[in-house]
Structure formats: structure tokens, C-alpha cells
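Biologist: Could you walk me through this model one question at a time? I would like to understand the reasoning behind each answer.

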Amino acid sequence: MMLRAILPADGLRFALRLLTITLALTAIASDPADARWKRKRFHGPAYSPPYAALVVDANSGTVLHATNADALRHPASLTKIMTLYLLFEQIETGKLRLDQQMEVSDHASQQAPSKLGLVPGQSIAVEDAIRALVTKSANDAAVVVAEAIGGDEDTFARMMTRKARVIGMSLRQRVRPAG
């Protein structure tokens, strides 16, 4: 059996695939229509499951399972998704490494739950922060990442907004009918 070296690009590919899966799962869990469907429990001929699922073989890209895979879903935390997006860009450009430690500030440690319970002065590896954002949506880890990339949370928020515009995101306001 021949072993090959694990390259930094392998970790990035894994992280991007993990992000894609996470986006799908986040979107699945966040659609308000899901709650309405669960309450109605309608299972007639036009029944469409109140969830979406997509399982992809990470090596081949083959879709192994799909249910409502193309249904419109809205992510629960677009801020976390953009935080991961900017973090993956930093990794891809070599400005951050998966094993690099990021220091936890007092501000980051004071974030409301959901969080890891990080304490000021502690450090967390980039890879662990990714996992915390993806699996727990940890606010303290998100602020650590924001501060590592932008210097402070406000600067990072401006960076996210600029990136969102560059990739074509826009704020669409709902127009309420008069009367």
C-alpha cells in the first residue's frame, strides 16, 4: 500500500466540501415553512417532505442521495457562512493555516451562547474554530476568527459586506402592500 503526502490543498478541499454540506444542512434546518409543514402533517398525493437532504461522495462528487435538493432554503446564519467563507480565503491564500493558533480576546469570550466557553488568553486552532462554527455555530469562535482576520469585529463586518457585494449578494427588502 502506497501512502501519499497530505497537502494543504487537501485540507482546503475537505474544508470546502464540509462547508458545502454544512450550508445544505443549515439551510435545511432553517426554513420557517418546515415548522408549518411539521404542524400540518399532511401526507397526501402532493406531499413533499418538509426537509431537504443532499449526500455527496467527497472523493468522486457523485450524488448518493437527494431529497428536495434544489428546493429554496434560507441559511440560519449567513454571518457564520460568510465568516467561514472569508476564513477559507485566508487559508487558500496562505495567510492562515489550519494548525495556526488564534488568541481569544476578552470580547470574544463574552459572546452569548451558543459558544464553546473560550476564556481570554486561551488560543484555538483555525481547524478547531472551523469545526466549532460548523457544528455548534459558536459565537465566541466566530469572534476569534473575525478578530484574527479583520483585527476587530467592526472591520471584519465591513470586510464581509464588501465580499458579499463582490460575490453578488444583495439586500432585498420585502415590500408590504399599502392599506
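Modeller: Gladly, and let us begin with two helices. Which are H6 and H7 to each other, roughly parallel or roughly perpendicular?

Biologist: The axes of helix H6 (residues 139-150) and helix H7 cross at roughly 80° and come within 8 Å. Axes are lines fitted to C-alpha atoms, for helices over the stretch in contact, with angles from 0 to 180 degrees between N-to-C directions. Under 35 degrees counts as roughly parallel, over 145 as roughly antiparallel, 65 to 115 as roughly perpendicular and the rest as oblique. H6 and H7 are therefore roughly perpendicular.

Modeller: Well reasoned! Before we go on, this is a predicted model, in which local features need pLDDT of at least 70 and side-chain atom pairs pLDDT 80 or more, while totals for chains, interfaces and linings use all residues. Residues are numbered from 1 along each chain as its sequence is written, and side-chain values use heavy atoms, without hydrogens and water.

Biologist: Thanks! Which residues of H7 meet H6?

Modeller: Contact here means heavy atoms within 4.5 Å, and helices (H or I, at least four residues) and strands (E, at least two) are DSSP runs numbered from the N terminus. On the H6 side we find Val143, Ala146, Glu147, Ile149 and Gly150. Their partners in H7 are Glu153, Thr155, Phe156 and Met159.

Biologist: H7 also packs against H3. At what angle do H3 and H7 pack?

Modeller: The axes of H3 and H7 are 10 Å apart. H3 and H7 are roughly perpendicular to each other, and the angle is about 85°.

Biologist: Which residues of H7 make that contact with H3?

Modeller: H3 contributes Thr79, Met82, Thr83, Tyr85, Leu86 and Glu89. From H7 come Phe156, Met159, Met160, Lys163 and Ala164.

Biologist: Glu89 and Lys163 both caught my eye. How far apart are the N and O atoms where their side chains meet?

Modeller: The two form a salt bridge, that is, a side-chain nitrogen of Lys or Arg within 4 Å of a carboxyl oxygen of Asp or Glu. Glu89 sits in helix H3 (residues 78-92) and Lys163 in helix H7 (residues 153-166), so this pair links distant parts of the chain, 74 residues apart. The distance from N to O is 2.8 Å.

Modeller: Now one for you: is Lys163 buried or exposed?

Biologist: I need the cut-offs first: buried means under 20% relative accessible area, exposed over 50% and partly exposed in between (1.4 Å probe, protein chains only). Its partner Glu89 has 24%, so Glu89 is partly exposed. Lys163 has 18%, and therefore Lys163 is buried.

Modeller: Exactly. How many salt bridges does a search of the whole structure find?

Biologist: Besides Glu89 with Lys163, Arg97 pairs with Asp99, with the closest N and O atoms 3.0 Å apart. Glu127 pairs with Arg131 at 3.1 Å, and both lie in helix H5 (residues 126-136), four residues or about one turn apart. The search of the whole structure gives three.

Biologist: Back to Arg97 and Asp99: which class does Asp99 fall into, buried or exposed?

Modeller: Arg97, at 48%, is partly exposed. Asp99 reaches 54% relative accessibility, so Asp99 counts as exposed.

Biologist: Which residues of H5 are buried?

Modeller: H5 also holds Glu127, which counts as partly exposed at 31%, and Arg131, partly exposed at 43%. The buried ones are Val126, Ala129, Ile130, Ala132, Leu133 and Val134.

Biologist: Leu133 makes me think of Thr83. What does Thr83 contact, leaving aside neighbours within four places in sequence?

Modeller: Thr83 is found in helix H3. At 3% relative accessibility, Thr83 counts as buried. Its contacts are Leu133, Ala142, Val145, Phe156 and Met160.

Modeller: Let us finish with the strands. How many bridges join S1 to S2?

Biologist: Strands pair if DSSP finds at least two bridges between them. S1 (residues 53-56) and S2 (residues 63-67) run antiparallel, and Ala53 has Thr67 as its bridge partner in S2. Bridges joining these strands number four.

Modeller: And which residue between these strands takes a positive phi?

Biologist: The hairpin of S1 and S2 has six residues between the strands. The one with a positive phi, near 80°, is Gly61.
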